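Got a minute to look at how two chains meet? Let's go through it question by question.

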Amino acid sequence: MSIDSVFVHKMWNDNELSKMVKGGVPFPMLSDGGGRVGKIFGIYDEDAGVETRGRFIIDPDGIVQGFEVLTPPVGRNVNESIRQVQAFQHVRKTKGAEATPSGWRPGKKTLKPGPDLVGNVWKKWKTEMAFD
Amino acid sequence: MPKEMKVGCARPTGGPVGEAVSEEKTQQQTVQEEVKHMIQVGKKAPDFVAPAYHKGSFVNVQLSEYLGKWVLLCFYPGDFTFV
């Protein structure tokens with residue numbers, strides 16, 4: 001979503017993005033003229049008149065599970081967004097019985113929060129596990 | 001899921017859903033309303049509609065139509081920049 005019109009989105013997709021991604025952008029490219037949606041999400045820059053790099057993970061119940069906002073010059077880490085979605089999906093699947101510690105990605109160890117875990121995380125989780 | 005729309009010469013726009021727009025609002029009231037809408041994790045995402053370009057068509061997208069699915073909503077400064 002950006003403040004550009006759907007016509008500009010079409011030009012960008014058809015003339016440039018479709019050369020980078022086969023078949024063009026697979027998801028809807030949303031237009032937010034005036035930044036009205038950006039304002040309610042708190043990422044609209046009034047002075048510059050554009051939206052900053054806000055990214056929101058919204059779960060199947062419509063609940064915001066996480067967000068990240070960057071100023072324009074720095075791009076996002078797409079892998080990190082995907083990792084976070086996978087982690088939230090895992091937590092949801094276990095109905096909160098499992099939590100994903102720092103550095104978790106699919107296949108890595110999860111933690112089961114509860115009285116027995118208090119003070120014992122160091123036995124189950126090592127600092128190296130925070131890194132890839 | 002998104003409904004196709006007829007596009008004329010006017011630039012289509014969307015906006016928040018479920019919020020009564022009153023012309024008589026003072027500026028202060030508007031500010032208070034914006035503060036009320038700040039995003040918090042663990043809380044509902046505000047619903048909105050927005051016109052969109054999707055695979056060759058102009059459509060209208062409403063966030064609440066995606067209930068039941070995971071949504072990654074990304075904002076960016078402008079077309080023809082990186083994302």
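Q: Which strand of chain B is joined to strand 1 of chain A by two bridges?
A: This is a predicted model, so everything here is read off computed coordinates. Strand 1 of chain A covers residues 29-30, and it runs antiparallel to its partner across the chain boundary. One bridge pair brings together Met29(A) and Tyr53(B). The strand on the chain B side is strand 3.

Q: How many residues does each chain bring to the contact?
A: Count a residue if it has a heavy atom within 4.5 Å of the other chain. By that rule, the contact takes 59 residues from chain A, and from chain B it takes 50 residues.

Q: What area do chain B and chain A bury between them, and which residues of chain B lose the most?
A: Of the buried area, 66% sits on carbon and sulfur atoms, and the total is about 4900 Å². On the chain B side, three residues lose the most area to chain A, together 20% of what that side buries. They are Tyr53(B), Trp70(B) and Phe75(B).

Q: How many salt bridges and how many polar contact pairs are there between chain B and chain A?
A: Start with the salt bridges: the count between the two chains is zero. Polar contacts are another story, with both residues of a pair at pLDDT 80 or more. There the number of residue pairs is 18.

Q: Which element gives the largest share of the side of chain B that touches chain A?
A: Strands 2, 3, 4 and 5 of chain B each give two or more residues to that side. The whole side divides into 31 nonpolar, 11 polar and eight charged residues. The largest share is seven residues, and it comes from strand 3 of chain B.

Q: Which strands stand at the edges of the sheet ordered 5(A)-4(A)-5(B)?
A: This open sheet has three strands with antiparallel pairing. An edge strand here has a single partner, so one side of it is left without a neighbour in the sheet. That describes strand 5 of chain A and strand 5 of chain B.

Q: Over how many bridges do strand 4 and strand 5 of chain A pair?
A: The two strands pair in the antiparallel sense. Within that pairing, Phe56(A) stands opposite Phe67(A) in strand 5. The number of bridges is six.

Q: Which helix of chain A packs on the sheet?
A: The helix touches strand 4 and strand 5 of chain A, along with strand 5 of chain B. Its direction makes about 20 degrees with that of strand 4 of chain A. Spanning residues 78-93, this is helix 3.

Technical notes. Residues are numbered from 1 along each chain as its sequence is written. Chains are lettered from A and ligands numbered from 1 in the order in which they are written. This is a predicted model: local features need pLDDT of at least 70, side-chain atom pairs count only at pLDDT 80 or more; totals for chains, interfaces and linings use all residues. Side-chain values use heavy atoms; hydrogens and water are left out. Buried area is the accessible area (1.4 Å probe) that two parts lose on being put together, summed over both. A salt bridge is a side-chain nitrogen of Lys or Arg within 4 Å of a carboxyl oxygen of Asp or Glu. A polar contact is a pair of N or O atoms within 3.5 Å; within protein, one must be able to donate a hydrogen and the other to accept it, and residues adjacent in sequence count only if both atoms are side-chain atoms. Helices (H or I, at least four residues) and strands (E, at least two) are DSSP runs, numbered from the N terminus. Ala, Val, Leu, Ile, Met, Phe, Trp, Tyr, Cys and Pro count as nonpolar, Asp, Glu, Lys and Arg as charged, and the others, Gly among them, as polar. Two strands pair if DSSP finds at least two bridges between them. Axes are lines fitted to C-alpha atoms, for helices over the stretch in contact, and angles run from 0 to 180 degrees between N-to-C directions.
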